[in-house]
Amino acid sequence: MARNLPPLRAVRAFEAAARSLSMTRAARELGVSPGAISHQIRQLEEFLGVRLFLRETRKVSLTSAGRTFLPAITRGLDAIEEAAKRLTTVPQHSRVRVSVETTLAERWLVPRLAHFYKTYPEIEIELQGRPLDPEAAAFRTNFAVAYGPRQYHGLSVERMMSEAVFPVCSPAFQEGHGLYQLADLDQSVRLLHDQTFGRYNWFPNWQVWLAKHGVHDVDTSQGMRFCTSHMAIVAASD
């Protein structure tokens with residue numbers, strides 16, 4: 001059903017003139033001429049069938065009908081203004097996809113997201129828990145926290161951090177097996193292998209690490225293998 005509303009420009013002209021009791025000030029506020037304000041108010045009076053103003057030589061005053069009409073119009077315009085303000089101040093959320101290896105996401109990135117959201121509440125994060133393939137020509141993500149060399153085709157790369165790589169075990173395991181130097185890594189010790197980036201020869205593994213420390217008589221082919229660093233860390237701590 002169509003609304004039977006008075007001309008809205010005329011309603012706005014009436015409210016401005018009634019609030020200031022001046023056609024001139026209302027015209028200045030709305031950026032029109034005093035004559036335009038008077039014309040719009042007459043249109044409104046004709047629509048309503050009542051007089052809203054008493055016009056005297058140098059001033060205007062509200063009639064009884066005008067005084068009755070003004071509060072309702074003021075509330076209506078206030079509601080429109082408030083609704084518009086709420087709409088224009090609603091943050092426009094941006095969704096950002098981040099590719100990151102699962103263990104780094106769990107242990108480093110996710111714990112920092114609460115602080116990030118306090119600082120940038122308009123940005124929504126979508127985590128893609130997988131390592132970035134250095135051989136990929138393109139991928140569907142905005143940012144990636146990637147491990148390894150900088151050879152990523154078509155991407156801008158910045159170094160974030162470096163790492164120290166060393167073997168770990170639980171204190172009880174160390175004590176039980178007498179592990180106090182590299183020579184103690186004999187065949188009775190089962191190695192745990194992190195294969196997060198298993199197919200890339202730049203990822204540190206037991207063979208590479210031991211060779212760099214002058215140890216060549218440990219069989220690095222034996223032991224348990226895990227597809228994520230998180231699993232390997234949990235296994236070591238257990």
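**Group meeting: a walk through the model**

Okay, let's start with a pair of strands: strand 3, residues 94-100, and strand 4, residues 123-129, pair in the parallel sense over seven bridges. If you want one spot to look at, take valine 96, whose bridge partner in strand 4 is isoleucine 125. To get from strand 3 to strand 4, the chain goes through helix 5, residues 102-119, and this β-α-β crossover is right-handed. And a general reminder while you're looking at strands: in a regular strand the side chains alternate between the two faces of the sheet.

Before I go on, please keep in mind that this is a predicted model.

Now the overall picture. The protein chain has eight helices and seven strands. It's 238 residues, and 28% of them are buried. For those of you who like contact statistics: take the contacts between residues at least 6 apart in sequence, and 62% of those join residues at least 24 apart. As for surface, the protein chain exposes about 16,700 Å², with carbon and sulfur atoms supplying 54% of that.

Next, let's move to helix 2, because I've got a few things to say there. Which residues of helix 2 are buried? Helix 2 is residues 23-30, and the buried ones are Met23, Ala26 and Ala27. They cover an arc of only 100° around the axis, so they sit on the same side of helix 2. And what covers them? The cover includes helix 1 (8-20) and helix 3 (34-48), along with strand 1 (53-55) and strand 2 (60-62).

Have a look at the ends of helix 2 as well. Serine 22 caps the N-terminal end, with a side-chain oxygen 3.3 Å from the backbone nitrogen of threonine 24. After helix 2 comes glycine 31, and its phi is positive, near 75°.

Just ahead of that cap there's leucine 21, in the loop between helix 1 and helix 2. Its phi is positive too, near 50°, and this is a residue other than glycine. So is leucine 21 buried, exposed or partly exposed? With a relative accessibility of 41%, leucine 21 counts as partly exposed.

Staying in this region, glycine 35 lies in helix 3. Glycine 35 is partly exposed as well, at 45% relative accessible area. It pairs up nicely with threonine 24 for a distance check: the two are 11 residues apart in sequence, and C-alpha to C-alpha they are 8.9 Å apart in space.

Now over to the loop between strand 5 (143-145) and helix 6 (171-177), which holds valine 165. Valine 165 has a relative accessible area of 39%, which makes it partly exposed. What does valine 165 touch, leaving aside neighbours within four places in sequence? The contacts are Pro204 and Trp209. Asparagine 205 is 40 residues away from valine 165 in sequence, and the C-alpha to C-alpha distance between them is 9.3 Å.

Last stop is serine 229, in helix 8, residues 229-237. The relative accessible area of serine 229 is 14%, and the cut-off for buried is under 20%, so serine 229 counts as buried. Not counting residues up to four places away in sequence, serine 229 touches Glu101, Thr103, Asp194 and Thr196. Of those, Thr103 takes us back to where we began, since residues 102-119 are helix 5, on the way from strand 3 to strand 4.

Key. Residues numbered from 1 in each chain as written. Predicted model: local features only at pLDDT ≥ 70, side-chain atom pairs only at ≥ 80, totals over all residues. Heavy atoms only, no water. Helix = DSSP H or I, 4+ residues; strand = E, 2+ residues; numbered from the N terminus. Buried < 20%, exposed > 50% of the residue type's maximum accessible area, 1.4 Å probe, protein only. Contact = heavy atoms within 4.5 Å. Areas by Shrake-Rupley, 256 points an atom, 1.4 Å probe, with all protein chains shown as cover. Arc of directions from axis to C-beta. Polar contact = N/O pair within 3.5 Å; in protein donor to acceptor, adjacent residues only side chain to side chain. Pairing = 2+ DSSP bridges. Right-handed = clockwise from strand over helix to strand, strands pointing away.
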